[in-house]
Amino acid sequence: MTGAYTADEMMTVAAARQLHDGAVCFVGIGLPSTAANLARATHAPGVVLIYESGTLGAKPDRLPLSIGDGILADTADTVVSVPEVFNYWLQPGRIDVGFLSAAQIDRFANINTTVIGSDYRHPAVRLPGAGGAPEIAASCREVVVVLRQTVRTFVDRVDFVTSVGFGHGPGDRQRLGLTGAGPRVVITDLGILTPDPTTFELTLVSVHPGATPEQARAVTGWQLAVSPELAVTAPPSELELRVLRRLEATIGMM
Amino acid sequence: MGEIVSLTDGVAAVVHDGDTLVMEGFTHLIPFAAGHEIIRQGRRDLTLVRMTPDLVYDQMIGMGCAAKLIFSWGGNPGVGSLHRFRDAVENAWPSPLELEEHSHAGMANRYLAGASGLPFAVLRGYVGTDLPAQTDTIRPITCPFTGEVLTAVPSLTPDATIIHAQRADTRGNVQMWGIIGVQKEAVLAAKRSLITVEEIVERLEPQPQEVILPSFATSYVAVVPGGAHPSYAQGYSLRDNTFYTEWDAISRDRETFRRWMEANVLHGEPSA
């Protein structure tokens, strides 16, 4: 990194750029919420943020610490019950983009947020679990995943499939009857990956400034394919950085 | 019904050893004070049910109240792990904790079915995930009209549901607003219910997007100002984000946790 910004800042900015103005976006807390709010405060003022707490069209001017933060209800177009947000809004496919993070992701962009270790009953690490993610990954028109790329997070096969990406490869989403298109892009602190149109394997298509394909390969638990047209991500603009830092200074503030 | 009682009496009336107990509140209006009273009353072998078992269930699990947890997301929202929950699952401390794990959509529909008097709910969910292999209460079902294969989950009909709300009137009608979560369904699905409220008023002034639970649909109401702290009651209090952050350090170590519970819950006031 140049020292002007951190790898995490680059990741959040790159994730925010994935949201187009006017998109209806189902937002998880943490990295996705930061990125979605950065998008809304910069290039996508018309993005519609939906949190699983039932706040539709939330417009927070600071970052919520939790999905139940009062600022979300105070600024929402409407607040609905939890059964309603899942049954009426998510399940029928009314959401454009599902924005998720993960503890593990594999070559077919399947996501694990349940357990680390092969034995579900005796896990090495018990993670929080599914939350809204399985149905977000199934039913949103497309999914954007944001997570740091390390040997622990980028694995050949996730220990537990909490949310389905492309299953075991081509055709699996159709076979399973999943209505959304699945993960369109994965943003990390090293670069940007997209599923190969034929094999559906995550492929490195862009590296962030200062990062290299070798670095990405070294921390990826499978033979990571690199696009022949590998790009370099545009660094954060002065505006993106300024807004991001202002937002991050407000996490959990009242 | 909707009888106005003290917190102590209300908890004693609705929660017994071995019960299936729901305490809901989707990060807002979490009934912490009632959870603390259950700990003080020494309840054991509870099947705890909650979509997001956050700090209040971490405390109840760490104090040995629970034998089983039915849930969909067990973390400290925005902060990280629930250490007492993890210690119970990973190390069986203070006792083993059986898990019945769902997604949010599945849990919400289980409450909906319970409130509707139906044996199960249908949704598009779980397909392709590893959850059905671990959770017996997730099963495929074929639509009798189209032949499409969907997912069925059984209704939740708890022995008791406890929630916190903004206020009730003198006749025991309850009013809540803001992020309303799944509390209405959870109360209507239960055999017995207790609603703690910030205050009791003569007349309930209408609020935007309010939910009303008529007194005939509930068992008991108790006045517990601040009863949702460190979560919040919109219009009455703010979420204590600092405490959520501090809980990480308090709960990480068994002894630190025990000492904190001794000082702040076991010897705390029933109304605190």
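**Exercise 1. The contact between the chains**

In this predicted model, find how many residues of chain A are in contact with chain B, and work out which helices of chain A supply residues to that side.

*Solution.* Start with the overall count: 41 residues of chain A are in contact with 45 residues of chain B. Next, look for the helices on the side of chain A that touches chain B, where α3 (70–75), α4 and α5 (133–139) of chain A each supply at least two residues. The largest share comes from α5(A), which gives four residues. Finally, sort this side of chain A by class, which yields 20 nonpolar, 17 polar and four charged residues.

**Exercise 2. Two packed helices in chain A**

Describe how helix α1 (residues 7–16) of chain A packs with helix α2 (residues 31–41) of chain A, and decide which residues meet.

*Solution.* Begin with the geometry, in which the two helices of chain A pack at an angle of about 60° and have their axes 8 Å apart. Because of that angle, α1(A) is oblique to α2(A). The handedness comes next, and the crossing of α1(A) and α2(A) is right-handed. Then turn to the residues: from α1(A) come T12(A), V13(A), A15(A) and A16(A), and they meet L31(A), T34(A), A35(A), L38(A) and A39(A) of α2(A). Sorted by class, this contact of α1(A) with α2(A) has seven nonpolar residues, two polar residues and no charged residues.

**Exercise 3. The surroundings of the two helices**

For α1(A) and for α2(A), establish how many residues are buried and which elements those residues pack against.

*Solution.* Take α1(A) to begin with: this helix is mostly covered, with eight of its ten residues buried. These residues are E9(A), M10(A), M11(A), T12(A), V13(A), A14(A), A15(A) and A16(A), and the buried residues of α1(A) pack against α2, β10, β11 (183–187), β12 (191–195) and α8 of chain A.

Now take α2(A), which is also mostly covered, since ten of its eleven residues are buried. The buried residues of α2(A) include P32(A), S33(A), N37(A) and R40(A), and the elements against which the buried residues pack are α1, β1 (24–27), β2 (48–51), β5 (97–100), β10 (142–146) and α8 (238–248) of chain A.

**Exercise 4. One residue in a loop**

Locate D96(A), decide whether D96(A) is buried, exposed or partly exposed, and list the residues in contact with D96(A) beyond its neighbours within four places in sequence.

*Solution.* The first step is the location, which is the loop between α4 (82–90) and β5 of chain A. The second step is a count of surrounding atoms: because D96(A) has 18 other C-beta atoms within 10 Å, D96(A) is partly exposed. In the third step, leaving aside the neighbours within four places in sequence, D96(A) is found in contact with A23(A), V24(A), C25(A) and R141(A). As a last step, compare sequence with space, where D96(A) and C140(A) are 44 residues apart in sequence and 5.7 Å apart from C-alpha to C-alpha.

**Exercise 5. The two domains of chain B**

State the bounds of the domains of chain B, and describe the side of domain 1 that touches domain 2.

*Solution.* According to the domain assignment, chain B has domain 1 (3–101 + 157–266) and domain 2 (104–154). The centres of these two domains of chain B, taken over C-alpha atoms, are separated by 26 Å. Across the boundary, eleven residues of domain 1 of chain B are in contact with twelve residues of domain 2 of chain B. On the domain 1 side, β5 (98–101) and α7 (183–189) of chain B each supply at least two residues, and α7(B) gives the most, with four residues. By class, this side of domain 1 of chain B divides into six nonpolar, two polar and three charged residues.

How values were computed: Residues are numbered from 1 along each chain as its sequence is written. Chains are lettered from A and ligands numbered from 1 in the order in which they are written. This is a predicted model: local features need pLDDT of at least 70, side-chain atom pairs count only at pLDDT 80 or more; totals for chains, interfaces and linings use all residues. Axes are lines fitted to C-alpha atoms, for helices over the stretch in contact, and angles run from 0 to 180 degrees between N-to-C directions. Angles under 35 degrees count as roughly parallel, over 145 as roughly antiparallel, 65 to 115 as roughly perpendicular and the rest as oblique. A crossing is left-handed if the near helix is turned anticlockwise from the far one by less than a right angle, and right-handed if clockwise. Two residues are in contact if their C-beta atoms, placed from the backbone, lie within 7 Å. Ala, Val, Leu, Ile, Met, Phe, Trp, Tyr, Cys and Pro count as nonpolar, Asp, Glu, Lys and Arg as charged, and the others, Gly among them, as polar. A residue is buried if 20 or more other C-beta atoms lie within 10 Å of its own, exposed if 12 or fewer, and partly exposed in between; C-beta atoms are placed from the backbone. Domain bounds come from an automatic or database domain assignment.
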